[in-house]
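Reader: I'm new to this one and a bit lost. Could you take me through the charged side chains and their pairings, and show me what sits around them?

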Amino acid sequence: MDNAPKAVLEGGPDDLPERIVSAPEPGADLKIPLRGGYEHFRATTREQQTDQGALPVYEWWERTELPG
């Protein structure tokens with residue numbers, strides 16, 4: 001069983017490969033690579049019940065493109 005901290009992603013593109021991901025250090029944003037760029041998520045004060053227990057919710061706030 002994986003005991004690493006997890007987080008739930010809310011919002012952003014519908015084709016994100018995962019909605020439950022490894023949680024970052026407290027206070028850090030999440031940056032998910034997708035289709036030649038990054039989807040950025042910020043922590044909220046909310047939690048969501050999942051099959052892995054209550055997890056913190058990270059909400060999408062922007063996308064950045066990689067050069068090239």
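Author: Let's begin with a word you'll need all the way through: a residue is buried when its relative accessible area is under 20%, exposed when it is over 50%, and partly exposed in between, using a 1.4 Å probe and protein chains only. This is a predicted model, so local features need a pLDDT of at least 70 and side-chain atom pairs count only at pLDDT 80 or more, while totals for chains, interfaces and linings use all residues. Residues are numbered from 1 along each chain as its sequence is written, and side-chain values use heavy atoms, leaving out hydrogens and water.

By that scale, arginine 63 is partly exposed, because its relative accessibility is 24%. Glutamate 65 comes out as exposed, at 56%. These two form a salt bridge, with their closest N and O atoms 2.8 Å apart. The term means a side-chain nitrogen of Lys or Arg within 4 Å of a carboxyl oxygen of Asp or Glu. In general, side chains of opposite charge can pair when their charged atoms come close. The structure holds 6 of these bridges.

Arginine 63 also leads us to glutamate 39, since their side chains are joined by a polar contact of 2.4 Å. That label covers a pair of N or O atoms within 3.5 Å; within protein, one must be able to donate a hydrogen and the other to accept it, and residues adjacent in sequence count only if both atoms are side-chain atoms. A second polar contact, of 2.7 Å, runs from the side chain of glutamate 39 to that of tryptophan 60. So is glutamate 39 buried or exposed? It's buried, because its relative accessible area is just 1%. You'll find glutamate 39 in strand E4, where strands (E, at least two residues) and helices (H or I, at least four) are DSSP runs numbered from the N terminus. Setting aside neighbours within four places in sequence, glutamate 39 is in contact (heavy atoms within 4.5 Å) with residues including Leu16, Leu30, Ile32 and Leu34.

Those four names turn up again in the largest nonpolar core, which has 9 residues: Ala7, Leu9, Leu16, Val21, Leu30, Ile32, Leu34, Phe41 and Tyr58. Such a core is a set of buried Ala, Val, Leu, Ile, Met, Phe, Trp, Tyr and Cys residues joined through side-chain atoms within 4.5 Å. Strands E1 (6-10) and E3 (30-34) each supply at least two of its residues, and the largest share, 3 residues, comes from E3.

Back to the charges. Glutamate 10 and arginine 46 meet in another salt bridge, 2.7 Å from N to O. Glutamate 10 is in strand E1 and arginine 46 in strand E4, so this pair ties together parts that are 36 residues apart in sequence. Glutamate 10 is partly exposed, with a relative accessible area of 27%, and arginine 46 is partly exposed too, at 35%.

One more pair to look at: aspartate 15 and arginine 35 form a salt bridge with their closest N and O atoms 3.0 Å apart. Aspartate 15 sits in the loop between E1 and E2 (20-22), and arginine 35 in the loop between E3 and E4, 20 residues apart. Arginine 35 counts as exposed because its relative accessibility is 52%, whereas aspartate 15, at 42%, is partly exposed. Arginine 35 has a backbone quirk as well: its phi is near 45 degrees, a positive value in a residue other than glycine. Most residues other than glycine have a negative phi.
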